[in-house]
Amino acid sequence: ASFTVSLHKADNTTVMIKLRPGVLPSCQIRIKNGIRSELKIKPGENVTFTFTCRTPEKYFIMEIQKNIDCVSGPCPFGDVHLYPLGLPRLNRTYIWDVKASTKAGLELKFSTPWLRQIEPGETCPDSISYSISSCIDKATVNIGTFCRNGSVSRVKLLGGVVMSLHLPWHSPLTTSGFNIANRTSIKRLCIIESILKGESSVTLMSPNYPLGFPEDELMTWQFVIPSNMRASVFFHNYSLSNCERKEERVEYYIPGSPSNPEVFKLSDSQPANIAGTFNMSLQGCDQDAQNPGILRLLFQVVVQHPQVDENVTHLVDLSKEKNMTVTIHLEGWPSLIPLISEPICLICKDPRTCDRVLTLASGAVYRISFLCKDLSRLRITAEKGIGCMDIRWCQRKIYSLSVPKAITQLPIRLHKFIWKLLATDLINVEITSPSLKLQQHVPEQRCNTSYSYSIVSATPETELNVGVFCPGGSIEKIQMRNNITISLKTFGKGFINESIPQDLKMSFVPHIKDECIFTVSPNPKAKVYLQTPNWPYGLPPYVSISWFIIVPSKQTARLGFSKDRMGIACETGRAYVNIKEETLGAEEVVRREDELLPQPRNMHHNFWVNVSNCKPVDKTQLTLQFWVTFADKQIDLGIILAVVAGAGVLTAIGLTVCCVKKKKKKTQNPMVGVYNANVNTQMPGKKGKGLFGKGRQNNESHVYAVIDDAVVYGHLLKESNGSVTPEVDVYRPFDGPIGSLPPSPPPLSFRKDIKRSSNTEEEPPPLTDTDQDTYTFAHQKSGQSEGNGDANEKDKGDTSVPLLEDKGQDGLVE
């Protein structure tokens with residue numbers, strides 16, 4: 001096809017056709033005088049040309065620049081047309097360079113559907129975009145890049161304007177979409193008007209974003225909002241320059257405000273719930289010449305209907321709380337999409353201070369309200385710190401780890417409550433749940449409650465995830481070293497009702513050697529699964545964990561492991577599993593990482609299970625799980641027969657003794673010491689006389705019916721202090737206090753004779769002289785720290801409105 005471009009000299013327009021950057025010159029321009037790779041048509045010229053290919057849009061682009069002088073002559077007010085006509089279908093850019101005095105600003109007015117500002121690098125859906133720049137003296141400031149279909153209706157600029165319209169080759173657009181409305185003096189860089197109708201939002205940026213707002217400049221955005229709507233301002237991204245004089249700030253002019261202008265820092269929470277039209281201005285400062293920094297701002301204005309319950313306030317009393325913060329936020333925070341595309345939930349601590357996130361600190365009372373149609377989208381995250389610096393002041397104090405009523409009474413779902421327990425070295429943390437007790441969340445025994453506790457123990461070197469626990473289990477107590485973080489997380493809406501009997505308690509205790517000690521008191525009818533912390537990643541090297549299992553007096557516990565071996569090989573040290581009953585003379589079962597774990601075995605008394613890790617040779621860490629069940633104690637048949645037989649023997653012996661005694665009484669002479677009146681104890685012919693009037697034979701002091709055994713053997717009783725000690729040792733059950741620490745492994749000299757339980761399938765090989773690794777049960781590797789303390793924790797009609805400025809002759813208010 002042949003194209004003819006005729007430019008009038010008075011139009012001051014130039015057309016330039018050139019190759020697209022990076023494209024090979026596979027297509028050229030043919031004119032009367034020959035073939036060219038580019039073509040420039042100046043004002044007053046008439047040129048006819050063709051292309052040497054059928055798809056020139058793939059190879060060429062076109063720029064049409066029109067210079068407009070508003071300084072020496074009158075400005076061509078009104079619509080700006082796309083000139084000239086009959087251009088080839090190429091990607092093209094129209095540029096209008098308007099020269100104007102700095103004393104007379106220019107106003108560009110856009111026809112509907114108006115414009116929407118975009119960030120640098122962002123593209124428009126229809127590939128049609130506008131770029132607006134302001135020219136002051138020799139400096140050019142990029143006001144912004146815009147797409148169609150937005151809320152920006154007018155832009156007023158100081159000095160000259162460079163306006164660019166970028167159209168794709170296939171665009172059907174035939175009008176520029178804007179006009180030069182008037183010329184009035186302004187005292188700032190620019191004014192941007194944005195008209196918002198109904199529930200909507202607009203995102204805007206400061207000029208030159210993100211490179212930096214010009215030094216010591218002032219600009220204004222005017223937002224036209226229907227009087228029956230409410231607007232809120234949110235700063236999403238900003239930075240500050242280094243000021244030598246003045247201060248960077250944001251000023252608001254809000255009709256009806258008693259303190260116009262209202263001044264805010266960029267770091268402040270910006271005004272919200274604004275009724276009707278308002279202006280917002282950004283003021284720069286004099287920057288440090290050596291290190292100026294960058295002032296930039298990206299913000300959003302959200303418009304929505306006033307909420308029915310916006311005047312309903314909720315009391316949040318945190319006056320008696322210490323070291324606690326309460327954050328109310330949208331679901332998904334802090335991983336929120338930066339920009340808002342729809343009406344949102346706002347939390348207000350006063351009618352004009354609202355935001356998507358509101359943080360309340362302890363020690364104060366708040367009255368908050370919500371601008372939100374659906375409160376179910378809001379969540380609460382709270383954090384409380386509890387600390388102990390001196391065990392003398394903390395040891396006897398018990399802290400309740402329960403959610404305060406100030407939180408549970410709000411009509412918002414609690415997402416998470418975090419307790420950070422901080423303490424110095426040699427002070428550890430003990431967690432108890434006396435009535436509910438805790439259940440460890442394991443694959444075989446999952447928690448199905450509306451909330452759970454995640455417990456993490458941490459030092460600067462390592463972090464140990466103790467596990468996830470929920471109420472209604474068997475764990476009465478957990479003792480831990482280091483700093484502890486306990487996170488209560490809710491699931492579903494049942495937390496408020498289920499959490500009423502919360503009984504999780506915490507106290508600070510003296511130092512413990514193990515990393516963690518669990519005290520477990522299972523239900524006699526339950527099967528309890530327990531597993532090592534840091535599941536499924538495994539215990540860190542050289543960490544020792546203990547469980548103390550309480551066995552009811554009339555029950556027998558059965559202990560079993562979920563796998564046959566520990567499944568690791570040690571590079572340094574040895575890994576052990578120790579099992580020992582809490583009773584005198586109980587054997588201690590010890591297994592190393594290269595041995596089979598014990599088969600299921602019966603435990604008749606309270607017992608300890610200890611797992612001590614080594615440093616494995618590879619990334620595989622030690623993970624163990626075991627289970628405990630209970631059954632009523634069974635009386636052994638052999639014991640019953642032995643008791644019956646023993647009773648029978650004793651009965652027979654008793655009957656025999658009785659029979660012998662009766663027979664002796666009938667056939668034998670009287671026993672020694674029994675008086676016999678028939679025996680004459682006097683010499684013949686002589687009468688016994690003494691010092692007393694009555695002799696021994698008369699006062700009967702020497703007469704005995706039977707001589708008692710105690711009299712016969714009295715000297716022996718005196719030697720034994722009145723009690724007879726049998727020569728054969730008699731078994732006595734242990735009735736002393738139960739130990740509070742796990743048993744230590746046998747000493748090195750005893751290791752060759754370690755007792756094994758009778759139900760193990762093989763005897764361990766004897767230890768050699770080179771097998772001299774010390775046990776790690778309840779001990780740490782040399783040089784390792786023994787622990788740290790834990791952590792105490794818009795409408796129909798004409799929308800044109802006056803702008804904030806001095807009134808110009810053409811009607812736009814400054």
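Two strands pair if DSSP finds at least two bridges between them. The exercises below apply this to a predicted model.

**Exercise 1. Find how strand β20 is joined to β24, and which residue stands opposite Arg-230.**

Solution.
- Step 1. Locate strand β20 at residues 230-241.
- Step 2. Count the bridges to β24: there are two. The cut-off is at least two, so the strands pair.
- Step 3. Read the direction: β20 and β24 run antiparallel.
- Step 4. Look across from Arg-230: Ala-275 in β24 stands opposite.

**Exercise 2. Place β20 and β24 in their sheet, and name the edge strands.**

Solution.
- Step 1. Recall that strands of a sheet pair through backbone hydrogen bonds.
- Step 2. Write the order of the four strands: β18-β27-β20-β24. The sheet is open, and its pairing is antiparallel.
- Step 3. Pick the strands that pair on one side only: β18 (200-205) and β24 (274-275). These are the edge strands.

**Exercise 3. Describe the disulfide of Cys-27 and Cys-53: which parts of the chain does the pair tie together?**

Solution.
- Step 1. Check the distance. The sulfur atoms of Cys-27 and Cys-53 are 2.0 Å apart, and the cut-off is within 2.5 Å. The model holds nine disulfides by this rule.
- Step 2. Find the hand. The link of Cys-27 and Cys-53 has -90 degrees about the S-S bond and is left-handed.
- Step 3. Locate both ends. Cys-27 lies in the loop between β2 (13-19) and β3 (29-31), and Cys-53 in the loop between β6 (46-51) and β7 (60-69), so the pair ties together parts that are 26 residues apart in sequence.
- Step 4. Test for burial. Cys-27 has 0% relative accessibility, so this residue counts as buried.

**Exercise 4. Do the steps again for Cys-447 and Cys-470.**

Solution.
- Step 1. The sulfur atoms of this disulfide are 2.1 Å apart.
- Step 2. The link of Cys-447 and Cys-470 is left-handed, with -85 degrees about the S-S bond.
- Step 3. Cys-447 sits in the loop between β38 (438-440) and β39 (451-458). Cys-470 sits in strand β40 (residues 463-471). The two are 23 residues apart.
- Step 4. Cys-470 counts as buried because its relative accessibility is 1%.

**Exercise 5. Are Cys-570 and Cys-614 buried or exposed, and what hand has their disulfide?**

Solution.
- Step 1. Cys-570 and Cys-614 are joined, S to S 1.9 Å.
- Step 2. The torsion about their S-S bond is about -85 degrees, so the disulfide is left-handed.
- Step 3. Cys-570 lies in strand β48 (residues 570-572) and Cys-614 in the loop between β52 (607-612) and β53 (615-616), so the pair ties together parts 44 residues apart in sequence.
- Step 4. Both Cys-570 and Cys-614 are buried.

Definitions and conventions:
Residues numbered from 1 in each chain as written. Predicted model: local features only at pLDDT ≥ 70, side-chain atom pairs only at ≥ 80, totals over all residues. Heavy atoms only, no water. Buried < 20%, exposed > 50% of the residue type's maximum accessible area, 1.4 Å probe, protein only.
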